[in-house]
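Subject: Handover of a structure and notes on it

Dear colleague,

Please find below the sequence and the structure that I am handing over to you. My notes on what was found follow directly after them.

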Amino acid sequence: MTKGWKLYWLLVAFWLVLVCALFFWSLPFITQAAGGLVPFDARPTGYSFEEAQQFLSALSAEGRAFYLGTQHWLDLIYPAVLAGVLIVPLRWFSANWPLVLRVALIATPLIGGVADYLENAAVSRMLLSGPDELTQDMVAAAHYWTMTKSTMTSVAMTALLACLIVAAVRHLIQRKSRS
């Protein structure tokens, strides 16, 4: 295994640590602090104004501080790491593809990562405003970035899965033809 691939697998391991921290500690803490309501970051299909207002009303002061602090510190690293985890194999699998397809494929996790950062900024704005000063525009912006992040990340993950399946099938066919 080359040094580059060793570094890649270290990045994957780091991503898995972040996933565990987010999904087994940070997001459950926020959910509990909001009386069981799901945090904005864990709603891939977005949220309405009423849902956002309900979440902000239910979220405790401690939960709000944790969301703005710990959660957003973790989410400061997560989008870049996830983009790297997706881009490296997508670049490798698409090495012989036409340039336009390759660029489009690699752009999806990049756009997803940028959208995640913009979502974080929009969520921070909502958290700081609270339920009484929340506006339709704030929620619409956060919802838009949530949907963009979810869509682009899903497209990138689906493309990677498809590439892995095609590679596995090719490998099996080649192995079978050799025997």
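I begin with a single residue, T153, which lies in helix α5. Please keep in mind that the model is a predicted one. Is T153 buried or exposed? Its relative accessible area is 15%, and because the cut-off for a buried residue is under 20%, T153 counts as buried. Which residues does T153 touch, once its neighbours within four places in sequence are left aside? They are L82 and G112. In addition, a polar atom of the T153 side chain lies 2.8 Å from the backbone oxygen of K149.

Let me now turn to the chain as a whole. It contains 5 helices and 0 strands, so that, by the DSSP runs used to assign them, the order of elements from the N terminus on reads α-α-α-α-α. The C-alpha trace spans about 70 × 30 × 25 Å along its principal axes. The chain has 179 residues, and 42% of them count as buried. If one takes the contacts between residues at least 6 apart in sequence, 75% of them join residues at least 24 apart.

The next topic is the nonpolar interior. The largest nonpolar core has 20 residues. Within this core, the residues with the most contacts are F40, F55, L59, Y67, M126 and L134. Each of the helices α1 (3–33), α2, α3 (61–93), α4 and α5 (136–178) supplies at least two residues of the core. Apart from this core lies another one, of 19 residues, which includes L18, L22, L74 and L105.

L134 deserves a separate entry. Leaving aside its neighbours within four places in sequence, L134 is in contact with F49, A52, Q53, L56, M126, S129 and V139.

Finally, there is the packing of two helices. Two packed helices are described by the angle between their axes and the distance between the axes. Helix α2 covers residues 49–58 and helix α4 covers residues 99–133. Their axes come within 8 Å and cross at roughly 90°, which means that α2 is roughly perpendicular to α4. On the α2 side the contact is made by Q53, L56 and S57, and on the α4 side by M126, L127, G130 and P131. What kinds of residue form this contact of α2 with α4? There are 4 nonpolar and 3 polar residues, and no charged ones.

Yours sincerely,
A colleague

Definitions and conventions:
Residues numbered from 1 in each chain as written. Predicted model: local features only at pLDDT ≥ 70, side-chain atom pairs only at ≥ 80, totals over all residues. Heavy atoms only, no water. Axes fitted to C-alpha atoms, helices over the stretch in contact; angles between N-to-C directions. Helix = DSSP H or I, 4+ residues; strand = E, 2+ residues; numbered from the N terminus. Parallel < 35°, antiparallel > 145°, perpendicular 65-115°, else oblique. Contact = heavy atoms within 4.5 Å. Nonpolar A, V, L, I, M, F, W, Y, C, P; charged D, E, K, R; others polar. Core = buried A, V, L, I, M, F, W, Y, C linked by side-chain atoms within 4.5 Å. Buried < 20%, exposed > 50% of the residue type's maximum accessible area, 1.4 Å probe, protein only. Polar contact = N/O pair within 3.5 Å; in protein donor to acceptor, adjacent residues only side chain to side chain.
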